[in-house]
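Thanks for coming. I have a few minutes on one protein structure, so please look at the model on the screen while I talk.

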Amino acid sequence: MQLLVFILVYPLLWLISILPYRLFYGFSDFVFFWVYRVVGYRKDVVRQNLELVFPEKTEAEIKDIQKKFYHHMCDMFLEMVKTMHLSKEEVKKRYTVKNIEVIQEIEKKKTILVVCSHYANWEWNVSMNNYVSSKGYAVYQKISNTYFDRWIKNVRARWNTTLITKEETAKTVLLNYKNNVTGIFGMVSDQSPQWHRAHYWAEFMGVKVPVINGAESLARKMDLAVVFLKVSKVKRGYYNAEFIPITTAGSSTEKNEITDEFLRLAEQQIREQPEYYLWTHRRWKHRDKVPVEFQ
């Protein structure tokens with residue numbers, strides 16, 4: 001069944017990936033109409049999230065952000081498909097890096113954890129490997145369909161990126177350390193963990209939530225550098241990335257210091273242009289389960 005689904009869907013993905021940009025974004029507008037106007041995919045979740053974290057905004061402002069978000073979401077997921085036939089020259093033009101020298105300087109001495117949120121186009125973040133000398137890794141969530149999982153790996157590996165699961169991350173960092181190899185590990189770090197397994201709760205967008213602190217734990221244990229990747233959407237199909245160092249010596253930081261700074265930077269980014277965050281994500285679903293010690 002998995003193979004059958006892949007065989008049926010893959011030709012459509014391939015066709016979308018080769019469309020000229022004018023037709024490509026025209027198709028995205030068509031998808032937006034169905035997702036937003038007809039199906040209404042998770043519109044209640046998006047609206048609840050926006051009203052929760054932006055209580056000061058009017059109903060008209062919330063609706064405006066919501067509509068812009070759905071436009072962007074359709075673009076972004078189709079841009080992931082576009083990666084199948086996106087050349088190195090083309091991605092360098094569409095995904096520019098403001099200060100790659102920050103990474104290039106740190107990688108001479110340390111393995112780096114690059115942390116980001118579900119913002120703008122996180123799929124093209126892997127293209128930063130076109131500018132660095134260290135081996136690049138992207139931590140990802142394995143897909144249940146084996147064939148689509150292999151496809152995703154191949155798509156994201158086009159710019160010398162190796163995909164690993166979160167369970168493989170610490171082992172890979174340790175192996176590189178033993179072999180005196182520096183690496184750059186990209187992580188999307190704003191997911192919502194299971195509340196009863198969370199070791200830390202903190203405010204994010206004004207609401208207390210359980211927080212994944214795996215990047216911090218790894219950085220403090222193995223003295224890694226941590227850098228926040230801020231991506232801005234310049235215009236449709238064009239993004240600009242900026243690296244903001246959080247620490248160059250993880251073992252020298254206080255407990256929760258790295259996590260708190262990541263949350264602050266992620267929130268600052270979202271408040272600047274909220275329509276580019278992934279609002280369909282149920283990030284605040286555990287807000288009513290805050291343990292006593294974190295209240």
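I will go through the strands, then the cysteines, then the surface and the charged pairs.

Keep in mind that this is a predicted model.

Start with the sheet. In what order do the seven strands of the open sheet run? The order is E1-E9-E8-E2-E5-E3-E4, and the pairing is mixed. At the edges are strand E1, residues 95–97, and strand E4, residues 161–164, each of which pairs on one side only. On average, neighbouring strands in this sheet are turned by 30° against each other, if direction is ignored.

Two members of that order are worth a closer look. Strand E8, residues 225–235, and strand E9, residues 238–247, run antiparallel and are joined by nine bridges. If you want one pair to find on the screen, take Phe 228, whose bridge partner in E9 is Ile 244. As a general reminder, side chains in a regular strand alternate between the two faces of the sheet.

Next, a hairpin. Strand E6, residues 201–204, and strand E7, residues 207–210, are also antiparallel, and four bridges join them. Opposite Ala 202 you will find Val 209 of E7. Two residues lie between the strands of this hairpin, and Met 205 has a positive phi near 60°.

Now the cysteines. How many disulfides are there, taking a disulfide as a pair of cysteine sulfur atoms within 2.5 Å? The count is zero. Two cysteines I would point out are Cys 74 and Cys 116. Cys 74 has a relative accessibility of 5%, so it counts as buried. Cys 116, at 6% relative accessible area, is buried as well. Both calls follow because buried means under 20% relative accessible area.

On to the surface. Phe 30, Phe 33, Trp 34, Val 38, Val 39 and Tyr 41 make a nonpolar surface patch of about 620 Å². One of these residues, Val 39, belongs to helix H2, residues 21–39. Is Val 39 buried or exposed? Val 39 is exposed, because its relative accessible area is 60% and the cut-off for exposed is over 50%.

Last, the charges. Side chains of opposite charge can pair when their charged atoms come close. Across the whole structure, the search finds 14 salt bridges. I will show three pairs and one network.

The first pair on my list is Lys 63 with Glu 59, where the closest N and O atoms are 3.4 Å apart. Both residues sit in helix H4, residues 59–82, with a spacing of four residues, about one turn of the helix. Lys 63 is partly exposed, at 44% relative accessibility.

Then there is Glu 105 with Lys 108, a salt bridge at 3.3 Å, N to O. Glu 105 is partly exposed at 44%, whereas Lys 108 is exposed at 61%.

The next pair is Arg 264 with Glu 261, at 2.7 Å, N to O. Why are these two about one helical turn apart? Because they are three residues apart in helix H10, residues 257–272. Arg 264 is partly exposed, with a relative accessible area of 42%, and Glu 261 is partly exposed too, at 25%.

As for the network, Asp 29, Asp 75, Lys 233 and Arg 236 are joined into one by salt bridges that share partners.

That is what I have. I am happy to go back to any of these on the screen.

Notes
Residues are numbered from 1 along each chain as its sequence is written. This is a predicted model: local features need pLDDT of at least 70, side-chain atom pairs count only at pLDDT 80 or more; totals for chains, interfaces and linings use all residues. Side-chain values use heavy atoms; hydrogens and water are left out. Two strands pair if DSSP finds at least two bridges between them. A disulfide is a pair of cysteine sulfur atoms within 2.5 Å. Buried means under 20% relative accessible area, exposed over 50%, partly exposed in between (1.4 Å probe, protein chains only). Patches are made of residues with over 30% relative accessible area and no salt bridge: like charges are joined within 9 Å, nonpolar side chains (Val, Leu, Ile, Met, Phe, Trp, Tyr) within 5 Å. Accessible areas come from the Shrake-Rupley method with a 1.4 Å probe; for residues, only the protein chains shown count as cover. A salt bridge is a side-chain nitrogen of Lys or Arg within 4 Å of a carboxyl oxygen of Asp or Glu. Axes are lines fitted to C-alpha atoms, for helices over the stretch in contact, and angles run from 0 to 180 degrees between N-to-C directions.
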